[in-house]
Amino acid sequence: MTPFQWLAITFIIGAACYELVNIRQQRAVRLFGLFRGVIWFAAALAILFPNQIGRLASLVGIGRGADVILYSFVLIFMATTFYFYSRYLRLQRQITDLVRYLAIQEASRGAEEQTLEEG
C-alpha cells in the first residue's frame, strides 16, 4: 500500500466510526447514516483497489477510473441539490401556511375582543 492509501484508509475508518457512534446515539437519521456508511465503504474500496475502478470504467465505456468517480459525484451532487431545493421549497410553504394561520387567528381574536369591549 502507498502512503496515500494508509492515510486515506485511516481517515475513512475514523469517519465510519464517527457515523457508527452517531447512529448508536441516534443523533443521525439511521437511513442517512447507513447511506453515508455505504459511501465511505465504496471510497475505501476505490482507494484500496484502484485497478478495479479502471475495469468498471472500461465496462461502462468510460476511459479512466477517475472519470467514473467524477461523473458519479456530479450525478450525486445534482440529485442532492435537487432534493434539498425541493425540501427548502416545502419548508417555505409550511412556514407561509403557519404564518397565515396565526394571522387569521390573531385577527379573529382581536375582532372578538373589540366586540366584547363595545357590547
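## Exercises on a predicted model

N51 counts as exposed, at 64% relative accessibility. Here exposed means over 50% relative accessible area, buried under 20%, and partly exposed in between (1.4 Å probe, protein chains only). The model is predicted: local features need pLDDT of at least 70 and side-chain atom pairs pLDDT 80 or more, while totals for chains, interfaces and linings use all residues. Residues are numbered from 1 along each chain as its sequence is written, and side-chain values use heavy atoms, without hydrogens and water.

**Exercise 1. Place N51 in a helix, then give its distance from I95 in sequence and in space.**

Step 1. Look up the helix. N51 belongs to α3, which covers residues 50–60. Helices are DSSP runs of H or I with at least four residues, numbered from the N terminus.

Step 2. Count along the chain. N51 and I95 are 44 residues apart in sequence.

Step 3. Go from C-alpha to C-alpha. N51 and I95 lie 50 Å apart in space.

**Exercise 2. List the residues of the largest nonpolar core and trace them to their helices.**

Step 1. Apply the rule. A nonpolar core joins buried Ala, Val, Leu, Ile, Met, Phe, Trp, Tyr and Cys residues through side-chain atoms within 4.5 Å.

Step 2. Name the members. The largest core has 5 residues: A8, I9, I12, A44 and I47.

Step 3. Assign the helices. Two or more core residues come from each of α1 (3–24) and α2 (30–48). The largest share, 3 residues, belongs to α1.

**Exercise 3. Find the residues of the nonpolar surface patch and say which helix gives the largest share.**

Step 1. Apply the rule. Patch residues have over 30% relative accessible area and no salt bridge; nonpolar side chains (Val, Leu, Ile, Met, Phe, Trp, Tyr) are joined within 5 Å, like charges within 9 Å.

Step 2. Name the members. The patch consists of M1, W6, F41, L45, L48 and F49. Together they have about 650 Å² of accessible area, by the Shrake-Rupley method with a 1.4 Å probe.

Step 3. Find the share. Helix α2 supplies 3 residues, the largest share of the patch.

Step 4. Check one member. L45 sits in α2. L45 is partly exposed because its relative accessibility is 36%.

**Exercise 4. Count the salt bridges and work through the pairs of R64, R100 and R109.**

Step 1. Recall the principle. Side chains of opposite charge can pair when their charged atoms come close.

Step 2. Set the cut-off. A salt bridge needs a side-chain nitrogen of Lys or Arg within 4 Å of a carboxyl oxygen of Asp or Glu. The count is 4 salt bridges.

Step 3. Take R64. Its partner is D67, with the closest N and O atoms 3.1 Å apart. R64 is exposed at 53%, whereas D67 is buried at 17%.

Step 4. Take R100. A salt bridge of 3.5 Å, N to O, links R100 to D97. They are 3 residues apart in helix α4, so about one helical turn separates them. R100 is partly exposed at 48%, and D97 is partly exposed at 44%.

Step 5. Take R109. R109 pairs with E106 at 3.8 Å between the closest N and O atoms. About one helical turn separates R109 and E106, because they are 3 residues apart in α4. R109 is partly exposed at 45%, as is E106 at 49%.

**Exercise 5. Identify the residues in the patch of negative charge, then classify E117 as buried or exposed.**

Step 1. Name the members. E112, E113, E117 and E118 gather in this surface patch. Asp and Glu count as negative, Lys and Arg as positive; His and the chain ends are not counted. The place of a Glu charge is taken as CD.

Step 2. Locate E117. E117 is part of helix α4, residues 65–118.

Step 3. Classify E117. Its relative accessible area is 68%, so E117 is exposed.
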